[in-house]
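Biologist: Hey, got a minute to walk me through this one? I'd like to start with the sheet and then jump around a bit.

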Amino acid sequence: GKDAIFLSTDIDDEDEDNEAEETHITVRIFNAVPTATWMEALSTSLSDKPLCNVAMPGTHDSGTYQWNKELGASPDSDLCMTIQNALEGSGGKGLLGLGVGGMIADHVLELVYDRMCKCQDLSISDQLNAGIRYLDLRVAWNESVSGFYTCHGVYCVELKVILDQIAAFLTQHNKEIVVCDF
């Protein structure tokens, strides 16, 4: 129920001749900056700054909020692939041919996903609406479905779904900038 506070600082420690002089710090306090449109709301402060000088909130492994159980382990993690291969064995039987390897592999990979692979709880849409503007997207090709998916030990969200969420957000908020790091 409290208003958001945003602090913006400008530091000027050079004079016009690029010689060091007294440091001047300007602090601006903004009250109730909406997270979904913070760049637009701060456009007068940001408009003359190069993008590399704008602090942009970001998330690590942004597309790991949902595990794609059907696709299992992804090629970016030897650990998850080893677990899946050891438990499933040939033909999904694993565990001495008892025919339960696939079920156990799913359960073990789900535990690994929950503890090691999942870095985000919010969808890309929710992250963007919360103010995130830098998305770290680890992507792998899945041959069985001929598609790109985000991954972090296991396959997560189809890349098309993520790009559609970004496009929908930017259509609705056309004065925001989203940086995608693949």
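**Sheet, cores and a pocket**

Modeller: Sure. Keep in mind that this is a predicted model. There's an open sheet of 3 strands, in the order E3-E4-E8, and the pairing is parallel.

Biologist: Which strands stand at the edges?

Modeller: Strand E3 (58–59) and strand E8 (179–181). Each has a single partner strand, so one side of each is left without a neighbour in the sheet.

Biologist: And what holds strands together in a sheet, in general?

Modeller: Backbone hydrogen bonds; the strands can pair parallel or antiparallel.

Biologist: OK, how many bridges join E3 to E4?

Modeller: 2 bridges, with E3 running parallel to strand E4, residues 134–136. Gly58 stands opposite Tyr134 in E4.

Biologist: Switching to the inside. Which residues touch the most other members in the largest nonpolar core?

Modeller: Ile124, Leu135 and Val154, out of 23 residues in that core. The elements giving two or more residues to this core are helix H3 (78–88), helix H4 (101–117), helix H5 (124–129), strand E7 (155–158) and helix H6 (159–172).

Biologist: Which of those gives the most?

Modeller: H4, with 4 residues.

Biologist: What is Ile124 in contact with, leaving aside neighbours within four places in sequence?

Modeller: Leu135 again, plus Ser62, Gly63, Tyr65, Leu137, Ile162, Gln165 and Ile166. There's also a second, separate core of 7 residues, with Met39, Leu42, Leu46 and Met56 among them.

Biologist: Now pockets. What lines the second largest pocket?

Modeller: The lining is Met39, Glu40, Ser43, Leu46, Ser47, Lys49, Pro50, Leu51, Val54, Lys175 and Ile177. Helix H1 (38–41) and helix H2 (43–46) are the elements that give two or more residues to that lining. Met39 and Leu46 line this pocket and also belong to the second core.

Biologist: How much space lies in there, and how do the lining residues divide?

Modeller: About 160 Å³ of space lies in the pocket. The lining residues divide into 6 nonpolar, 2 polar and 3 charged.

Biologist: Last thing, Ala168. Where is its place, and is Ala168 buried or partly exposed?

Modeller: Ala168 is in helix H6. Its relative accessible area is 44%, and since buried means under 20% and exposed means over 50%, Ala168 counts as partly exposed.

Biologist: How far apart are Ala168 and Ser125 in space?

Modeller: 8.3 Å, C-alpha to C-alpha, while in sequence Ala168 and Ser125 are 43 residues apart.

Key: Residues numbered from 1 in each chain as written. Predicted model: local features only at pLDDT ≥ 70, side-chain atom pairs only at ≥ 80, totals over all residues. Heavy atoms only, no water. 1 Å grid on protein atoms, 1.4 Å probe; cavity = no way out; pocket = protein on both sides within 12 Å on 5 of 7 lines; lining within 4 Å. Points joined across faces, edges and corners; volume = space filled by probe spheres on them. Nonpolar A, V, L, I, M, F, W, Y, C, P; charged D, E, K, R; others polar. Core = buried A, V, L, I, M, F, W, Y, C linked by side-chain atoms within 4.5 Å. Buried < 20%, exposed > 50% of the residue type's maximum accessible area, 1.4 Å probe, protein only. Contact = heavy atoms within 4.5 Å. Pairing = 2+ DSSP bridges.
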